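Please open the model in a viewer and keep the selection tool at hand. The tour below proceeds from stop to stop, stating at each one what to select and what is found there.

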Amino acid sequence: MRDHAADDNALTQPLADEAATAALGAALAPALVPGLKIFLEGDLGAGKTTLVRGLLRAAGHAGKVKSPTYTLVELYAVSGLNLYHFDFYRFDRPEEYLDAGLDEYFQGDAVCIVEWPAQAGSYLPAADLEIRLALSGDGRRATIRALGPRGLPCLRCLSAYSAAAATSSGLR
Ligand SMILES: Nc1ncnc2c1ncn2[C@@H]1O[C@H](COP(=O)(O)OP(=O)(O)OP(=O)(O)O)[C@@H](O)[C@H]1O
Ligand SMILES: [Mg+2]
(Lines give C-alpha, C1' and ligand atoms only; values in the text may rest on other atoms or scores of the structure.)
(Ligands and ions follow the chains in the order given, each with its own letter.)
Protein backbone atom coordinates (compact mmCIF):
# COMPACT_ATOMS: atom_id res chain seq x y z
CA MET A 1 0.00 0.00 0.00
CA ARG A 2 1.24 3.52 -0.71
CA ASP A 3 1.98 5.75 2.26
CA HIS A 4 -0.64 8.25 1.21
CA ALA A 5 -3.69 6.72 -0.38
CA ALA A 6 -7.11 8.21 -0.82
CA ASP A 7 -10.27 7.15 -2.56
CA ASP A 8 -13.74 8.64 -2.28
CA ASN A 9 -14.47 7.07 1.09
CA ALA A 10 -11.13 6.25 2.70
CA LEU A 11 -7.71 7.69 3.39
CA THR A 12 -4.55 6.36 5.00
CA GLN A 13 -2.17 8.74 6.72
CA PRO A 14 1.21 8.02 8.31
CA LEU A 15 1.72 9.70 11.69
CA ALA A 16 5.43 9.90 12.51
CA ASP A 17 5.06 11.15 16.07
CA GLU A 18 2.63 12.37 18.72
CA ALA A 19 2.50 15.85 17.15
CA ALA A 20 1.36 14.32 13.84
CA THR A 21 -1.49 12.48 15.58
CA ALA A 22 -2.57 15.71 17.30
CA ALA A 23 -2.33 17.58 13.98
CA LEU A 24 -4.63 15.07 12.30
CA GLY A 25 -7.16 15.69 15.07
CA ALA A 26 -6.70 19.44 14.67
CA ALA A 27 -7.46 19.11 10.96
CA LEU A 28 -10.89 17.77 11.90
CA ALA A 29 -11.84 20.81 13.99
CA PRO A 30 -13.30 22.85 11.09
CA ALA A 31 -15.47 19.86 10.12
CA LEU A 32 -17.40 19.59 13.40
CA VAL A 33 -21.14 19.65 12.72
CA PRO A 34 -24.18 18.89 14.91
CA GLY A 35 -24.77 15.17 15.43
CA LEU A 36 -21.37 14.07 14.08
CA LYS A 37 -20.34 10.64 15.39
CA ILE A 38 -16.71 9.55 15.18
CA PHE A 39 -15.44 6.11 16.24
CA LEU A 40 -11.76 5.77 17.13
CA GLU A 41 -10.42 2.23 16.82
CA GLY A 42 -7.02 0.91 17.81
CA ASP A 43 -5.18 -0.89 20.57
CA LEU A 44 -4.17 0.49 23.95
CA GLY A 45 -1.81 3.39 23.38
CA ALA A 46 -2.57 3.71 19.67
CA GLY A 47 -3.08 7.48 19.98
CA LYS A 48 -6.89 7.88 20.15
CA THR A 49 -6.90 10.33 23.06
CA THR A 50 -3.97 12.22 21.54
CA LEU A 51 -6.03 12.78 18.38
CA VAL A 52 -9.02 14.06 20.39
CA ARG A 53 -6.71 16.38 22.36
CA GLY A 54 -5.45 17.89 19.09
CA LEU A 55 -9.00 18.34 17.84
CA LEU A 56 -10.19 20.03 21.04
CA ARG A 57 -7.20 22.39 21.20
CA ALA A 58 -7.77 23.43 17.58
CA ALA A 59 -11.48 23.93 18.29
CA GLY A 60 -10.55 26.40 21.03
CA HIS A 61 -10.55 24.33 24.22
CA ALA A 62 -7.76 25.74 26.39
CA GLY A 63 -8.13 23.49 29.46
CA LYS A 64 -7.04 19.94 30.13
CA VAL A 65 -8.12 16.99 28.00
CA LYS A 66 -8.31 13.96 30.25
CA SER A 67 -8.64 10.42 29.02
CA PRO A 68 -12.22 9.29 29.77
CA THR A 69 -11.03 5.75 30.56
CA TYR A 70 -12.25 5.98 34.17
CA THR A 71 -15.01 8.58 33.89
CA LEU A 72 -16.53 6.98 30.73
CA VAL A 73 -17.32 10.39 29.26
CA GLU A 74 -15.89 13.92 29.29
CA LEU A 75 -17.93 16.91 28.08
CA TYR A 76 -16.56 19.94 26.21
CA ALA A 77 -18.30 22.99 24.75
CA VAL A 78 -16.53 23.92 21.51
CA SER A 79 -17.51 25.56 18.23
CA GLY A 80 -20.99 26.25 19.64
CA LEU A 81 -21.56 22.52 20.18
CA ASN A 82 -21.47 20.04 23.01
CA LEU A 83 -18.76 17.48 22.34
CA TYR A 84 -18.81 14.20 24.28
CA HIS A 85 -15.61 12.17 24.40
CA PHE A 86 -16.35 8.57 25.41
CA ASP A 87 -14.12 5.61 26.26
CA PHE A 88 -15.84 2.23 26.62
CA TYR A 89 -12.67 0.24 27.34
CA ARG A 90 -13.79 -0.68 30.83
CA PHE A 91 -17.15 -2.18 29.86
CA ASP A 92 -17.36 -5.83 30.90
CA ARG A 93 -20.39 -6.33 28.65
CA PRO A 94 -22.07 -4.23 25.95
CA GLU A 95 -25.27 -3.80 28.01
CA GLU A 96 -23.38 -1.40 30.28
CA TYR A 97 -23.86 1.15 27.49
CA LEU A 98 -27.64 0.93 27.99
CA ASP A 99 -27.41 0.65 31.79
CA ALA A 100 -25.44 3.90 31.91
CA GLY A 101 -28.16 5.67 29.86
CA LEU A 102 -25.65 6.68 27.22
CA ASP A 103 -28.01 6.25 24.27
CA GLU A 104 -29.51 9.66 25.07
CA TYR A 105 -26.22 11.42 24.34
CA PHE A 106 -26.24 10.08 20.79
CA GLN A 107 -29.75 11.24 19.89
CA GLY A 108 -29.30 15.02 19.79
CA ASP A 109 -27.05 17.60 18.19
CA ALA A 110 -23.94 16.84 20.22
CA VAL A 111 -20.73 15.67 18.60
CA CYS A 112 -19.87 12.19 19.95
CA ILE A 113 -16.35 10.77 19.71
CA VAL A 114 -15.89 7.22 20.97
CA GLU A 115 -12.79 5.25 21.93
CA TRP A 116 -13.33 1.46 22.07
CA PRO A 117 -16.77 1.57 20.36
CA ALA A 118 -16.80 -2.22 19.86
CA GLN A 119 -17.13 -2.63 23.64
CA ALA A 120 -20.73 -1.36 23.30
CA GLY A 121 -21.50 -4.06 20.73
CA SER A 122 -24.42 -3.32 18.46
CA TYR A 123 -26.09 -0.83 20.81
CA LEU A 124 -24.20 2.18 19.48
CA PRO A 125 -25.75 4.11 16.59
CA ALA A 126 -23.77 4.09 13.33
CA ALA A 127 -20.67 6.24 12.99
CA ASP A 128 -20.25 8.96 10.37
CA LEU A 129 -16.48 8.62 10.42
CA GLU A 130 -14.18 5.83 11.60
CA ILE A 131 -10.51 6.45 12.34
CA ARG A 132 -8.40 3.37 12.91
CA LEU A 133 -4.97 3.89 14.46
CA ALA A 134 -2.27 1.22 14.29
CA LEU A 135 1.37 1.04 15.33
CA SER A 136 3.73 1.53 12.41
CA GLY A 137 7.45 1.45 13.22
CA ASP A 138 8.04 4.08 15.91
CA GLY A 139 4.93 5.95 14.82
CA ARG A 140 1.34 5.22 13.85
CA ARG A 141 -0.78 4.88 10.75
CA ALA A 142 -4.34 6.17 10.51
CA THR A 143 -6.96 4.63 8.25
CA ILE A 144 -9.94 6.93 7.95
CA ARG A 145 -13.28 5.95 6.49
CA ALA A 146 -16.43 7.97 5.84
CA LEU A 147 -19.40 5.79 6.72
CA GLY A 148 -22.24 8.30 6.51
CA PRO A 149 -23.11 11.59 4.81
CA ARG A 150 -21.76 13.64 7.73
CA GLY A 151 -18.48 11.78 7.39
CA LEU A 152 -17.70 12.77 3.82
CA PRO A 153 -16.96 16.46 4.51
CA CYS A 154 -14.71 15.32 7.38
CA LEU A 155 -12.85 13.00 5.06
CA ARG A 156 -12.42 15.77 2.48
CA CYS A 157 -11.04 18.03 5.18
CA LEU A 158 -8.54 15.34 6.26
CA SER A 159 -7.60 14.56 2.64
CA ALA A 160 -6.73 18.23 2.10
CA TYR A 161 -4.65 18.18 5.28
CA SER A 162 -2.95 14.95 4.22
CA ALA A 163 -2.03 16.34 0.81
CA ALA A 164 -0.63 19.51 2.36
CA ALA A 165 1.36 17.51 4.94
CA ALA A 166 2.82 15.30 2.22
CA THR A 167 3.84 18.31 0.14
CA SER A 168 5.47 20.12 3.05
CA SER A 169 7.42 17.02 4.13
CA GLY A 170 8.70 16.63 0.59
CA LEU A 171 7.22 13.18 0.11
CA ARG A 172 5.99 14.05 -3.35
N1 LIG B 1 2.04 9.01 15.90
C2 LIG B 1 2.57 8.68 17.08
N3 LIG B 1 3.83 8.17 17.15
C4 LIG B 1 4.36 7.82 18.35
N5 LIG B 1 3.71 7.93 19.54
C6 LIG B 1 2.46 8.43 19.53
C7 LIG B 1 1.83 8.82 18.31
N8 LIG B 1 0.58 9.27 18.61
C9 LIG B 1 0.44 9.16 19.94
N10 LIG B 1 1.56 8.65 20.51
C11 LIG B 1 1.80 8.34 21.93
O12 LIG B 1 1.11 7.16 22.27
C13 LIG B 1 0.82 7.17 23.67
C14 LIG B 1 -0.59 6.73 23.91
O15 LIG B 1 -1.46 7.69 23.33
P16 LIG B 1 -3.00 7.79 23.74
O17 LIG B 1 -3.19 7.87 25.20
O18 LIG B 1 -3.53 8.87 22.88
O19 LIG B 1 -3.54 6.37 23.23
P20 LIG B 1 -5.02 5.76 23.27
O21 LIG B 1 -5.23 5.11 21.95
O22 LIG B 1 -5.98 6.81 23.68
O23 LIG B 1 -4.90 4.63 24.38
P24 LIG B 1 -6.06 3.98 25.29
O25 LIG B 1 -6.73 2.91 24.47
O26 LIG B 1 -5.28 3.41 26.44
O27 LIG B 1 -7.00 5.07 25.71
C28 LIG B 1 1.13 8.58 24.16
O29 LIG B 1 2.33 8.54 24.89
C30 LIG B 1 1.29 9.39 22.90
O31 LIG B 1 2.22 10.41 23.06
MG1 LIG C 1 -7.40 6.87 25.16
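Begin by selecting L72 in this predicted model. Is this residue buried, exposed or partly exposed? L72 counts as partly exposed because 18 C-beta neighbours lie inside 10 Å, whereas a buried residue would need 20 or more. L72 is found in the loop between α2 and β4, the latter formed by residues 73–78. Inspect the backbone here: although L72 is not a glycine, its phi is positive, at about 80°. Most residues other than glycine have a negative phi.

Select S79 next, in the loop between β4 and β5, where β5 covers residues 81–87. The phi of S79 is also a positive value in a residue other than glycine, near 50°. S79 is partly exposed, because 17 other C-beta atoms lie within 10 Å.

Now turn to ligand 1. Which residues are the closest to ligand 1? They are T21, G47, K48, T49 and T50, from a total of 20 residues that surround the ligand. Colour the secondary structure elements: those giving two or more residues to this shell are α1, α2 (48–58) and β8 (139–146). If the shell is coloured by residue type instead, five of its residues appear as nonpolar, nine as polar and six as charged.

The following stop is the largest nonpolar core, which has 42 residues. Select I38, I113, V114, L129, I131 and L158, the members that touch the most other members. Helix α1, residues 18–28, supplies the largest share of this core, with five residues. In soluble globular proteins, nonpolar side chains tend to be buried together.

Remain in the core and centre the view on I131. Which residues does I131 touch, leaving aside those up to four places away in sequence? With that exclusion, the contacts of I131 are I38, L40, L51, A142 and I144.

Finally, select C157 in helix α4, which runs over residues 151–168. C157 counts as partly exposed because it has 16 C-beta neighbours inside 10 Å. Not counting residues up to four places away in sequence, C157 touches A27, L28, P30 and A31. To close the tour, draw a distance from the C-alpha of C157 to the C-alpha of D87: the two atoms are 25 Å apart in space, and the residues are 70 apart in sequence.

Key:
Residues numbered from 1 in each chain as written. Chains lettered and ligands numbered in written order. Core = buried A, V, L, I, M, F, W, Y, C linked by C-beta atoms within 7 Å. Buried ≥ 20, exposed ≤ 12 C-beta atoms within 10 Å, placed from the backbone. Helix = DSSP H or I, 4+ residues; strand = E, 2+ residues; numbered from the N terminus. Contact = placed C-beta atoms within 7 Å. Near = placed C-beta within 6 Å. Nonpolar A, V, L, I, M, F, W, Y, C, P; charged D, E, K, R; others polar.
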